[in-house]
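Morning, everyone. Let me put the model on the screen, and then we'll walk through its salt bridges.

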Amino acid sequence: MNPFEMVIGIVLIVSVTSIIRARYGIVRTGRGKEEVYVGPARDNGEAERLRGEVRDLKERIAVLERIVTDGDRNRSLSLEREIEALRHDKEVR
């Protein structure tokens, strides 16, 4: 293989790799050491909806943690018993 063919081969490999990355939404950040999947552009609506849902769930979990950890010790014990009863009911079904 002569040097010209080797250069063409390298350019071809790099081009195909770039096309595949663009197709699957993989973007390099920084100095090329880290790759992040951003997905195709058509999924942005669903991705935003899912991000919002995760944000809402995190807020709800934070509120539940405050309810359980703050306040009266007897109330937190009764909440713990209620949660365990709900878990048990779910397992029975």
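Let's start with one side chain: is Arg87 buried, partly exposed or exposed? Arg87 is partly exposed, at 48% relative accessibility. Keep that residue in mind.

First, a word on confidence. This is a predicted model. The average pLDDT of the protein is 78. A score of at least 70 is reached by 76% of the residues. Where is confidence highest, and where is it lowest? Helix 1, residues 3-24, is the high point, with a mean of 88. Strand 2, residues 34-37, is the low point, with a mean of 63.

Now the salt bridges. How many are there in the whole structure? The search finds 3.

Back to Arg87. Its side chain meets that of Glu84 in a salt bridge, 2.8 Å from N to O. Both residues sit in helix 3, which runs over residues 73-92. They are 3 residues apart, so about one helical turn separates them. Glu84 is partly exposed too, with 42% relative accessibility, against 48% for Arg87.

On to helix 2, residues 44-69. Which partner does Arg51 have there? Glu48, with an N to O distance of 2.9 Å. Again the spacing is 3 residues, so about one helical turn lies between Arg51 and Glu48. Look at the surface. Arg51 has a relative accessibility of 48%, and Glu48 has 46%. Arg51 counts as partly exposed; so does Glu48.

Next pair: Arg49 and Glu53. Their side chains form a salt bridge at 3.4 Å, N to O. Helix 2 holds both residues. Here the spacing is 4 residues, about one turn of the helix. Arg49 has a relative accessible area of 47%, which makes it partly exposed. Glu53 is partly exposed as well, at 40%. Why not call Glu53 buried? Because buried means under 20% relative accessible area, and Glu53 has 40%.

One more arginine before I stop. Arg75 lies in helix 3. What does Arg75 touch, leaving aside residues up to four places away in sequence? Ile67 and Asp70. Arg75 is partly exposed, at 42% relative accessibility.

To recap. The structure has 3 salt bridges. Glu84 pairs with Arg87, Arg51 with Glu48, and Arg49 with Glu53. Glu84 and Arg87 belong to helix 3. Arg51 and Glu48 belong to helix 2, and so do Arg49 and Glu53. That's it from me.

Key: Residues are numbered from 1 along each chain as its sequence is written. This is a predicted model: local features need pLDDT of at least 70, side-chain atom pairs count only at pLDDT 80 or more; totals for chains, interfaces and linings use all residues. Side-chain values use heavy atoms; hydrogens and water are left out. A salt bridge is a side-chain nitrogen of Lys or Arg within 4 Å of a carboxyl oxygen of Asp or Glu. Helices (H or I, at least four residues) and strands (E, at least two) are DSSP runs, numbered from the N terminus. Buried means under 20% relative accessible area, exposed over 50%, partly exposed in between (1.4 Å probe, protein chains only). pLDDT is the predictor's confidence in each residue, from 0 to 100. Contact means heavy atoms within 4.5 Å.
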